[in-house]
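Trainee: I would like to learn how to read pockets, cores and unusual backbone angles in a model. Could you take me through an example?

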Amino acid sequence: ERNMILCMTRYIIIIQGKMKNKYPYILIFTSIFVVLFIIHNFFAIKPDQYMWDAWVYYKISNSLFMDGKFSLLTIENDFRGFVYPVYLFISNFLNYILNINTSFYVVSSFTLGILFTIYLYLFRKLFVEKEFNTKNIFIRSILVVLITVFFFYGLVVWPLTDLYAALISLIAGMLILYSKRKKRFKYILYFISGVLVYFAYNIRTIYQIEIIIILAFLIYFELKNKKLIGFINSVIFYCSGVLISSIPQIIINMSKYGTFSIWINNQNLFAQQLNWGLKFTKYSTYIGNPKSYPYPALCFIDATGLRITEQWEILGYPFTIKSYIKLFFQYPIEYIKIFIKHCVNAIFILFPELYVVNIDKNLLLYGLLSVAIVFTVLVLIFLSFKNKKVTILNFTFWIFMILPSLMILFGAVEERFLVLIYISIYSYICFFDYSSLKKYINRKNVILILVLFIIFSVLAFSIQSRILATLDEHPLYFIK
């Protein structure tokens, strides 16, 4: 494995010269692949070490291959969809025929490399006005990936779904915008968008809303063209993509439940998430030494929300979205306080490993970096609006594309659920044209920004410190 990493590194150096001005995205893909492959090898997590959700997905993928043959009808825990288990089956099958246990390193690095590269290409084409040279494109693109991995490397080394669903849904949405530039391939792009957005939903069901959102954007653009036939064809191609990609799920639903449906059979999951969101401000999974902390669940309890959920149970309300809304009107102030804490908590990415090993580690570095990144993007967005660099359409597009992560803010916030928002933030920061800020650089503005940053940091750290202190039987602190 070490020799393989060295060979890949040499390969990048060789092709970098050959591709200095041509095909930068081939170089970007190769570099991303090597970075992710090195990370996999560094942590060296193998199937016999999988646990919790990672183990569940691995087990489901194994259920697809019974008695020496592949079948969707043998799938276990089908409420998690078929797409990701089938994807994991590829590496599991390679492990089986090659008699190894590290195929996921290659399959994961290759797949995420492809997804990141397509996403970065579309992001630059659609949202970056300044024409950067090849070297600049390469550096900025790799920075997006490196920052994402720095804060969410657990989503790379463990077979978890969040990073895949986030990238696939963003690509699906951006293909609708990109079709305006590639009108010859418009219908093909709409079809691919439909396939991808369904895959994103099937991987993580919170993305179900994106199927409607992307369709709404498509309808908006086609209605502006004022061509009825074109409008009908566009909707047909997009919906065909959704329906054709859902055929395996339909087969599973017909076989197991006798229902003709494209949807996964877990309709009450979001209501359960809302219930957890009232009880817990933050949630993580612990896999470290039980002597340090005896429980696998790190539940940061919200006392106010706990009292509300007790009322939920006393009144005999079922765990539904309707009853959640009823309680909101009974306790509006309490709900708002809880949501504010969830929003502040979402600023802090403190456990990039996702499955926490060292519960008592120093959290200050990741805390400071988290606050700095969120503050920076808020300032950049403000200045972009002031300079009219952001159109209402683009801003609306991004708000709706990150909506699945925004919705989960009402639930028990796990850091991995936020990767959709943060990929967008890291991309915006890395591809921002900082030369446009020169006219704002003076003593008065620098002092103002510093004062605002201090106020923002103090408020954020103050609220988050209280949240961390609510961990049952083991309060956490930024500085040990």
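Mentor: Happy to; we will go through pockets, cores, a few single residues and some backbone angles. Keep in mind that this is a predicted model.

Trainee: Let's begin with pockets. What volume does the largest pocket have?

Mentor: A good habit is to take the volume, then the lining, then the elements behind the lining. Here the largest pocket has a volume of about 1,200 Å³. It is lined by 37 residues, and those closest to its centre are Val377, Ile381, Phe395, Ser424 and Tyr428.

Trainee: Which helices each supply at least two residues of that lining?

Mentor: They are helix H5 (103-127), helix H16 (332-347), helix H17 (364-386), helix H18 (392-401) and helix H20 (419-431).

Trainee: And how does the lining of the largest pocket divide by class?

Mentor: There are 25 nonpolar residues, with 6 polar and 6 charged ones.

Trainee: What about the second largest pocket: which residues are closest to its centre?

Mentor: Let's follow the same order. The volume of the second largest pocket is about 910 Å³. Its lining has 34 residues, and Arg204, Leu269, Gln273, Trp276 and Phe417 are the closest to the centre. Two or more lining residues come from each of helix H3 (52-62), H9, helix H10 (208-225), helix H13 (269-279), strand S3 (280-286), strand S4 (297-301) and helix H19 (403-408). H13 gives the largest share of this lining, with 5 residues. By class, the second lining has 22 nonpolar, 7 polar and 5 charged residues.

Trainee: H13 caught my eye. What does Phe270 touch, leaving out residues up to four places away in sequence?

Mentor: For a single residue, place it in its element, check its accessibility, then list its contacts. Phe270 is found in helix H13, and it counts as partly exposed because its relative accessibility is 23%. With those sequence neighbours left out, Phe270 touches Ile206, Ile321 and Met407. As for distance, Phe270 and Asp162 are 108 residues apart along the chain, and their C-alpha atoms are separated by 16 Å.

Trainee: Now the interior. Which residues have the most contacts inside the largest nonpolar core?

Mentor: With a core, look at its residue count, its best-connected members and the element behind it. The largest nonpolar core has 138 residues, and Tyr119, Leu120, Leu163, Met174, Tyr238 and Phe348 have the most contacts inside it. Helix H8 (residues 162-178) gives the most to this core, 14 residues. Take Tyr119 as a case: beyond four places in sequence, it touches residues including Leu167, Leu170, Ile171 and Met174, as well as Trp398 and Ile423. Another core, of 7 residues, lies apart from the largest one, and among its members are Leu274, Ile308, Leu327 and Tyr335.

Trainee: Is Asn202 buried or exposed?

Mentor: Asn202 is buried, because its relative accessibility is 0%. For a polar residue like this, the next thing to look up is its side-chain partner. Asn202 sits in helix H9 (residues 186-203), and its side chain reaches the backbone nitrogen of Phe82 at 2.7 Å. Beyond four places in sequence, the contacts of Asn202 are Arg80, Gly81, Phe82, Val83, Gln249 and Ile264.

Trainee: What lies 2.8 Å from a polar atom of the side chain of Ser31?

Mentor: That is the backbone oxygen of Leu27. Ser31 is in helix H2, and it counts as buried because its relative accessibility is 6%.

Trainee: Last topic: which sign of phi do most residues other than glycine have?

Mentor: Most of them have a negative phi, so a positive value is worth a look. Ala44 is one case, with a positive phi near 50°. It lies in the loop between helix H2 (24-43) and H3, and it is partly exposed, with a relative accessible area of 25%. Glu473 also has a positive phi, of about 70°. Glu473 is in the segment after helix H21 (443-468), and it counts as exposed because its relative accessibility is 57%.

Trainee: Is Phe478, also in the segment after H21, buried or exposed?

Mentor: Phe478 counts as buried, because its relative accessibility is 7%. Its contacts beyond four places in sequence include Phe348, Leu350, Leu363, Leu364, Phe461 and Leu468.

Conventions:
Residues numbered from 1 in each chain as written. Predicted model: local features only at pLDDT ≥ 70, side-chain atom pairs only at ≥ 80, totals over all residues. Heavy atoms only, no water. Helix = DSSP H or I, 4+ residues; strand = E, 2+ residues; numbered from the N terminus. Buried < 20%, exposed > 50% of the residue type's maximum accessible area, 1.4 Å probe, protein only. Polar contact = N/O pair within 3.5 Å; in protein donor to acceptor, adjacent residues only side chain to side chain. Contact = heavy atoms within 4.5 Å. 1 Å grid on protein atoms, 1.4 Å probe; cavity = no way out; pocket = protein on both sides within 12 Å on 5 of 7 lines; lining within 4 Å. Points joined across faces, edges and corners; volume = space filled by probe spheres on them. Nonpolar A, V, L, I, M, F, W, Y, C, P; charged D, E, K, R; others polar. Core = buried A, V, L, I, M, F, W, Y, C linked by side-chain atoms within 4.5 Å.
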